[in-house]
Amino acid sequence: MKEGKVFVHTPPAATTSPSRKTQRTGNPTTNQDRPEPSTSQVHLFLCGNPDRGDDGAARAVLTLLPQMVWATTDLHLVAGIDPLDLCNMAANEWCVIADAIQGIPAGEVSTFSLADLAASARSLSRHEDIPPVAAPLLPRTSPHPPAVPETPHPQSYVPRCPATRTSTHALALPETLALAEALRGTTSQGFFVGLGGSSFARESRLSPPVAAALASFARTIVFALCCCRQEPRQPPMKFTTALPTQPEHGAQPERTVPGPAFSQSPHNTSPLHVQSPAPQQKSTEETSRTHLNKTTQYSAHKEKNRKGGQ
Amino acid sequence: MHKTNGAERSLDVNLITRVEGEGSLHLLVQEGKVTEARLSIFEAPRYFEKLVEGRTPQEVIDIVARICGICPVAYQMTAVQAFEDCFGIEVAPETRALRRLMYCGEWIESHALHLYMLQTPDFLGYPSAVAMAQDHRDLVANGLRVKKMGNTIIECIGGRAIHPVSLCVGGFTHLPSRKELDTLRRELDVVIPLATDTLRWTGNLTAPPFTRETLFVSLFHPHEYPMNEGRIVSSGSGSHTIDLAPGAWADAFHEIQLEGTNALHARTMRGETYAVGPPARIALCGDQLHPEAHAGLSETGLREEIARNPHWGIAARAAEILHALCEARDIAESYRPPAEKAVPWTPRAGIAAWTTEAPRGTLYHRYLLDEEGKPRHATIIPPTSQNQGAIEHDLVESASGLLHLSDEKLTAELERLVRSYDPCISCATHFLAVTVEDTPSAKNTAPAQEQ
């Protein structure tokens, strides 16, 4: 089985280069000049800054991802997603981007289709066309958090969704995806998995709701990776899965997520079949807890709800 | 936009696009003449000057970086040099070079973002960089590479690209290794040809035919292109020419509060508006450009045009990108780590004031320090608040020749003019002293900021 790679996007020479840690070289932007195409790989981008509270959630989830994920996954540890990161992928490669986000309750996990996000940005060419896109689309790694429009506005000013406003300072995720799409000539396929954060202060700890939701975050990332590997690759229309047993309230948080075994049989036309590695952990109730709508957005495993809104 | 009585025409752009922050533009035309152009900033005041009061110098350096996500180095560098000047600290030449390298990184990433993503779509007729990228893939891809080079430099020196953490009073908390800068140097060799091509390409563009006279202000250093040292100088000649120490900005300039905006406007003591930024630096210090950038700019034949037409700021930024890349390469090549990360220092009471050249222009900090080196009062004058008057002046001048256009086209042209200054509205909304009069017709008044 092909080994995945780890791309640590850090300053030069700050990266060691053992066999599974590869320093990215150059900035190829077209499919023609990209090095070593690996069409069977899925790229996982874990974004954020571990020194900024909940912004480090995606980095923290790394230890919770099962070992089997790395067999066919290239890992990228980045502060924020860059169009060039996506341009380095082959046209038929899929990716999962995970980051802490604002605009949804802390600890809530939401997933979006990258194609949908890119489409939302394309309609932002003129401010008159800004659609009512939900605020969580802006990753917290953006240097300028959306301004809170509490100042008295001119009479004719119509407040717009600040999270989708085009900024000179950084490209929001939808714009990044749209730009990469234009440069690659093809839509970036895959999913964005966001975990709602509450504290982005200068500290290395995660807030309690985010720490409690890490396992759920990890499972959703794994599911998204599984969806990306589905042959033929289609946005998941139906999601049959079994979740590992949730820890009881007050129990120690689980340290690892059992890796689901998934079938990639060419005879199997349903998008994804995930079988629990531990049958005794599976229950109908838990299976039905995971919801995925017919497009590509889903909200999984709301820790807050599960724990009675703690 | 609406017209009244056939004699008055007003145009409102309620949210200027592709600029940072939330600002609007109001234009009033009476009897065929543009009588008023107002760039209003309604983004909330951010109170940074109040936030730094009572903080240690290192806390101040960390706090002021948050004023801007794209030019945090400028805010940090200005603050750190103000403190060092007040405390009588002299850093090693190697530290000075490293700081200059860091500043180069910021210029590169800031200018690249504006040039390739914001201003070029105006020149090529696209509504956005995303739309432009579909037809000009190589141009946008090269722009992203250049921008990333700037981020990489800042990350290498400062620990991370946004809000770096290594700068401190007396030097750095962390120094890069020789090996890191060797890697940087190799990457710069790849990117410099892209910037050279971009500068050459700007010479083939066509800008709107608008010219005006304006007063330029920037730092000037006799031996190098100005970044973090030099004297504050102005264009023009005669007794009104400005020539000040970098901490003496307030001797020649002041800020005023205008109705309808949350940003203070800067003026000279004679009440003149003035422009800062890349065109000002090219106009006043163009001979100090790195030889490769100087030659590239000469090849475009735009050096004089940059001073006359604000739209040619695109060429000024292209020249400064190439300058910063070449200088970064030279510094990386000759780098030797300083003997110590930071020289020891002792705080003392006094006035800490300094000016540096942020990507968008002259940035001034002034702190009244107590005996522990903690600010009791702070004043921060960002470039955009200094450019606002010049922008409004140019809007009046430019709009007068565009009144025959439809509302939509006139709006687009005026927005383009504002964008050519690369304004950062978020930076400009700094401290305001607001007094609310408790009267039936309550209205906000803002006395001039205490200096």
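Colleague: Which residue does Glu255(B) stand opposite in E11(B)?
Modeller: In this predicted model, Glu255(B) lies across from Ala266(B) of strand E11(B). The strand that carries Glu255(B) is E10(B), residues 253-256, and it is joined to E11(B), residues 265-268, by four bridges, with the two strands running antiparallel.

Colleague: And which residues of E10(B) are on the covered face, and which on the uncovered one?
Modeller: Phe253(B) and Glu255(B) make up the covered face of E10(B), whereas His254(B) and Ile256(B) make up the uncovered one.

Colleague: What holds paired strands together, generally speaking?
Modeller: Strands in a sheet pair through hydrogen bonds of the backbone, and the pairing can be either parallel or antiparallel.

Colleague: Moving on to the sheet with E12, E13 and E14 of chain B, what is the pairing there?
Modeller: That is an open sheet of three strands in the order E12-E13-E14, and its pairing is antiparallel. Strand E12 (350-358) and strand E14 (375-381) of chain B are the edge strands, each of them pairing on one side only, and from one strand to the next the twist averages 10°.

Colleague: How many bridges are there between E12(B) and E13(B)?
Modeller: Nine bridges link E12(B) with strand E13(B), residues 361-369, in the antiparallel sense, and in this pairing Ala358(B) stands opposite Gly361(B) of E13(B).

Colleague: Which helix packs on that sheet?
Modeller: Helix H12(B), residues 383-400, packs on the sheet and touches E12, E13 and E14 of chain B, while its direction makes about 125° with that of E13(B).

Colleague: Different topic: why are H9(B) and H11(B) described as roughly antiparallel?
Modeller: Helix H9(B), residues 291-300, and helix H11(B), residues 313-334, pack at an angle of about 155°, with their axes 8 Å apart. Angles over 145 degrees count as roughly antiparallel, and the two helices are therefore placed in that class. Their crossing is right-handed.

Colleague: Which residues make the contact?
Modeller: From H9(B) the contact is made by Glu292(B), Ala293(B) and Leu297(B), and from H11(B) by Ala315(B), Ala319(B), Leu322(B), His323(B), Cys326(B) and Arg329(B). By type, the residues of this contact divide into six nonpolar, one polar and two charged.

Colleague: Last one, is Gln76(B) buried or exposed?
Modeller: Gln76(B), which has its place in helix H3(B), residues 72-87, counts as buried because its relative accessibility is 1%, and the cut-off for buried is under 20%. Leaving aside residues up to four places away in sequence, Gln76(B) touches Ile61(B), Val64(B), Ala65(B), Met102(B), Pro164(B) and Leu167(B).

Methods:
Residues numbered from 1 in each chain as written. Chains lettered and ligands numbered in written order. Predicted model: local features only at pLDDT ≥ 70, side-chain atom pairs only at ≥ 80, totals over all residues. Heavy atoms only, no water. Axes fitted to C-alpha atoms, helices over the stretch in contact; angles between N-to-C directions. Parallel < 35°, antiparallel > 145°, perpendicular 65-115°, else oblique. Left-handed = near helix turned anticlockwise from the far one by under 90°. Contact = heavy atoms within 4.5 Å. Nonpolar A, V, L, I, M, F, W, Y, C, P; charged D, E, K, R; others polar. Buried < 20%, exposed > 50% of the residue type's maximum accessible area, 1.4 Å probe, protein only. Pairing = 2+ DSSP bridges.
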